[in-house]
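This report examines one protein chain through its aromatic rings, its surface and its charged side chains. The reader is invited to follow each residue in the structure shown below.

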Amino acid sequence: MAMLASAARRELDVQRYSLAAVLLVPLAAIFLQAYIPRFVPRFDIIDLPLLVVIYFAVGWRNPIAGTITGALVGLIQDALTARPLGINGIAKSVVGFCAASVGVKIDVENPGTRLLMNFTFSLMNAAIYLFIMHRLLALDMKTNWLHEAIKAVINAIVGVFVFDLLDRLRRRE
């Protein structure tokens with residue numbers, strides 16, 4: 001019985017977007033993330049592709065779609081940087097899976113929930129990224145966790161506003 005209620009809730013609350021929005025929003029986020037920091041160096045603290053992955057994964061409430069979205073966005077983001085290919089793909093696919101799984105369980109329309117969710121997933125993304133860099137690739141990088149926490153707070157706050165803007169792209173039935 002609980003399984004049916006969960007499945008019914010998931011089907012009822014799944015957000016629908018136009019194909020153009022699903023394709024153009026992540027590409028715009030990746031483009032902005034790749035080129036704006038060249039002119040405004042402090043903009044690199046905001047991770048727009050991560051916020052887009054979280055938004056779509058939570059909206060679709062489908063872990064497979066969240067994982068694939070995260071992997072594609074992360075791989076495209078890696079292709080535009082000098083970093084090893086696949087690091088962001090792995091980190092964002094794990095975040096996409098977890099975000100979609102959380103989206104099935106809780107109400108994600110509340111701004112407070114969105115703030116906490118963005119903060120948590122930003123820290124998770126940073127932890128996975130740094131784990132891959134340090135342990136799997138054995139690259140020596142300095143890790144400042146205070147900086148990562150501040151970055152997560154800023155991404156959480158910006159994410160609430162980005163989510164509000166992206167809510168306008170939803171199909172109304």
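Ring pairs join Tyr 17, Tyr 55, Phe 56, Trp 60 and Phe 163 into a cluster. The model in which this cluster appears is predicted. Its pLDDT, the predictor's confidence in each residue, averages 88 over the chain, and 91% of the residues score at least 70. Over residues 1–12, however, the pLDDT is below 50, and this stretch has eight contacts in the model beyond near neighbours in sequence. Where pLDDT is low, the predicted coordinates should not be read in detail.

**Aromatic pairs**

A search of the whole structure gives seven aromatic pairs. In one of them, the ring centres of Tyr 17 and Trp 60 are 6.3 Å apart and the planes stand at 75°, so this pair is edge-to-face. Distant parts of the chain are linked here: Tyr 17 belongs to the loop between helix 1 (2–13) and helix 2 (19–39), whereas Trp 60 belongs to helix 3 (residues 48–60), and the two are 43 residues apart. Both Tyr 17 and Trp 60 are buried.

Phe 31 and Tyr 35 form a tilted aromatic pair, with 4.9 Å from centre to centre and 45° between the planes. How far apart in helix 2 are Phe 31 and Tyr 35? They are four residues apart, which means a separation of about one helical turn. Tyr 35 is partly exposed, because its relative accessible area is 30%.

**A nonpolar patch on the surface**

Phe 31 and Tyr 35 are also members of a nonpolar patch on the surface, together with residues including Leu 19, Leu 32, Ile 76 and Leu 80. The accessible area of the whole patch is about 1100 Å². Helix 2 contributes its largest share, eight residues. One member, Leu 32, is placed in helix 2 and is partly exposed, with a relative accessible area of 33%.

**Salt bridges**

Side chains of opposite charge can pair when their charged atoms come close. The count of salt bridges in this model is six. Three of them are set out below.

| Salt bridge | Closest N to O distance |
|---|---|
| Asp 167 and Arg 114 | 2.9 Å |
| Arg 170 and Asp 167 | 3.4 Å |
| Arg 168 and Asp 164 | 3.7 Å |

The pair of Asp 167 and Arg 114 links distant parts of the chain, since Asp 167 lies in helix 7 (residues 145–167) and Arg 114 in helix 6, 53 residues apart. Both of these residues, Asp 167 and Arg 114, are buried, and Arg 170 is buried as well. A network of salt bridges links Glu 109, Arg 114, Asp 167 and Arg 170. In the pair of Arg 168 and Asp 164, Arg 168 is exposed, at 58% relative accessibility, while Asp 164 is partly exposed, at 39%.

**Two asparagines**

Is Asn 118 buried or exposed? Its relative accessibility is 0%, so Asn 118 counts as buried. Asn 118 is located in helix 6 (residues 111–136). Leaving aside neighbours within four places in sequence, Asn 118 is in contact with Leu 51, Ile 54, Asn 155, Ala 156, Gly 159, Val 160 and Phe 163. Phe 163 is also part of the aromatic cluster.

Asn 88, in helix 5 (residues 87–105), counts as buried because its relative accessibility is 4%. Not counting residues up to four places away in sequence, Asn 88 touches residues including Gly 70, Asp 78, Arg 83 and Tyr 129.

Technical notes. Residues numbered from 1 in each chain as written. Predicted model: local features only at pLDDT ≥ 70, side-chain atom pairs only at ≥ 80, totals over all residues. Heavy atoms only, no water. Buried < 20%, exposed > 50% of the residue type's maximum accessible area, 1.4 Å probe, protein only. Contact = heavy atoms within 4.5 Å. pLDDT = per-residue confidence, 0-100. Phe/Tyr/Trp six-rings, centres within 6.5 Å; stacked < 30°, edge-to-face > 60°. Patch = residues over 30% accessible without salt bridge, like charges linked within 9 Å, V, L, I, M, F, W, Y side chains within 5 Å. Areas by Shrake-Rupley, 256 points an atom, 1.4 Å probe, with all protein chains shown as cover. Salt bridge = Lys/Arg side-chain N within 4 Å of Asp/Glu carboxyl O.
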